[in-house]
Structures are given as C-alpha cells and as structure tokens.
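Reader: I'd like to learn how to read a protein model. Could you walk me through this one?

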Amino acid sequence: MEPADPPYTSDGQDGVFCTKRLRVRKWRSTDVASLLEVYGNRDVVRWVDDGQALSPGEALQWMKVTQANYAKYGYGMYVIESSFRSKVLGFGGLVHPAQQ
C-alpha cells in the first residue's frame, strides 16, 4: 500500500484547505457574479431551498450574512474552485438555517 499524500493546507489568507485539484476558500466580494451564475439559475436551484433563483440583491445580502458568520462563528459558506486556475466550480459550507 502506498503512503497517502501529505495533507494540503490553505493559502494562509482566505483559504480553508486545498487538495491537488480543489481549493476551498472564504467568499470574496468579487464572487457575487459567480454566486448569481449558480444560484440565479432556475434550473440549478429548483432543488435548493424554495426553488427560487436569487436576485442580485439577495445575492449581496447572502454575501453579507456569510461575512458576518465568518466573524461570529468562524465558519460559513465557501467557494470551491480549481487549484489549477481560479475558476469557481461551486459553493458549499455550513450555515445556520434560521439566519441564512
């Protein structure tokens, strides 16, 4: 059996962790367009929450809530992007449903 790869670490700034192929990091204000690309698409969000696409205003509000969650709880939603190029692949993380 081959030894496992060493653990991958964050970039020391807003990165949470990374692997050979993926980087998980905190949201940045510049991620609003990518957020809308995913959560503003009706076909994508029909299986999420109430199935309604986010408006630009709702995306900005979600960004504010996420930033507040980082400050208050130390965690929140994160960007999942390619380690090879800074391309957003999706989003994931931990949320407080009543406050999302």
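Author: Let's start with a rule for checking a helix: its expected span is 1.5 Å times one less than its number of residues. Keep in mind, too, that this is a predicted model.

Reader: How does that rule work out for helix 3, with its 18 residues?

Author: The 18 residues of helix 3 should span 26 Å, and its end C-alpha atoms are 25 Å apart, so the two values agree. Just after helix 3 comes G74, with a positive phi of about 85°.

Reader: Let me step back a bit. How many helices and strands does the protein chain have?

Author: Count 3 helices and 4 strands. Going along the sequence, you meet them in the pattern β-β-α-α-α-β-β.

Reader: And what share of the protein chain is buried?

Author: A residue counts as buried when its relative accessible area is under 20%, and as exposed when that is over 50%. In the protein chain, 27% of the 100 residues are buried. As for the outside, the chain exposes about 7100 Å², and 55% of that comes from carbon and sulfur atoms.

Reader: Which residues of helix 3 are buried?

Author: Look for A59, W62, M63, V65, T66, N69 and Y70. Now look down the axis of helix 3: these buried residues fall within an arc of 170°, so they line one face of the helix. On the face turned away from that buried side, you'll find the exposed residues K64, A71 and K72.

Reader: What covers the buried residues of helix 3?

Author: The cover includes strand 2 (22–26), helix 1 and strand 3.

Reader: Can I use that approach on helix 1? Which of its residues are buried?

Author: Sure, go ahead. Helix 1 has V32, S34, L35 and Y39 as its buried residues. They take up an arc of only 160° around the axis, which puts them on the same side of helix 1. A33 and E37 are exposed, on the face turned away from the buried side. Among the elements covering the buried residues of helix 1 are helix 2 (42–45), helix 3, strand 3 and strand 4 (88–93).

Reader: Which residues have the most contacts inside the largest nonpolar core?

Author: When you look for a core, follow buried nonpolar residues that are joined through side-chain atoms within 4.5 Å. The largest nonpolar core here has 14 residues, and the ones with the most contacts inside it are W27, L35, Y39, W62, M77 and F91. At least two residues each come from helix 1 (32–39), helix 3 (56–73) and strand 3 (77–82). Helix 3 gives the most, with 4 residues.

Reader: What about contacts between parts that lie far apart in sequence?

Author: Take the contacts in the protein chain between residues at least 6 apart in sequence: 44% of these join residues at least 24 apart. For a single pair, try L89 and S34, which are 55 residues apart in sequence and 8.9 Å apart in space, C-alpha to C-alpha. L89 lies in strand 4, while S34 is found in helix 1.

Reader: Is S34 buried or exposed?

Author: Buried: the relative accessible area of S34 is 19%, and the cut-off is under 20%. Leaving aside neighbours within four places in sequence, S34 is in contact with V88 and F91. Leave out residues up to four places away for L89 as well, and you get L22, I80, E81 and S82 as the residues L89 touches.

Reader: You just named S82. Where does S82 lie, and what does its side chain reach?

Author: S82 lies in strand 3 and counts as buried, at 9% relative accessibility. Its side chain reaches the backbone nitrogen of F84 at 3.1 Å and the backbone nitrogen of R85 at 3.4 Å. Apart from neighbours within four places in sequence, S82 is in contact with R21, R23, K87 and L89.

Reader: One last stop, then: which residues is G90 in contact with?

Author: Setting aside neighbours within four places in sequence, they are Y78, V79 and I80. G90 is found in strand 4 and, at 13% relative accessibility, counts as buried. From G90 to Y78 is 12 residues in sequence and 8.7 Å in space, C-alpha to C-alpha.

Note on methods:
Residues numbered from 1 in each chain as written. Predicted model: local features only at pLDDT ≥ 70, side-chain atom pairs only at ≥ 80, totals over all residues. Heavy atoms only, no water. Buried < 20%, exposed > 50% of the residue type's maximum accessible area, 1.4 Å probe, protein only. Contact = heavy atoms within 4.5 Å. Areas by Shrake-Rupley, 256 points an atom, 1.4 Å probe, with all protein chains shown as cover. Polar contact = N/O pair within 3.5 Å; in protein donor to acceptor, adjacent residues only side chain to side chain. Arc of directions from axis to C-beta.
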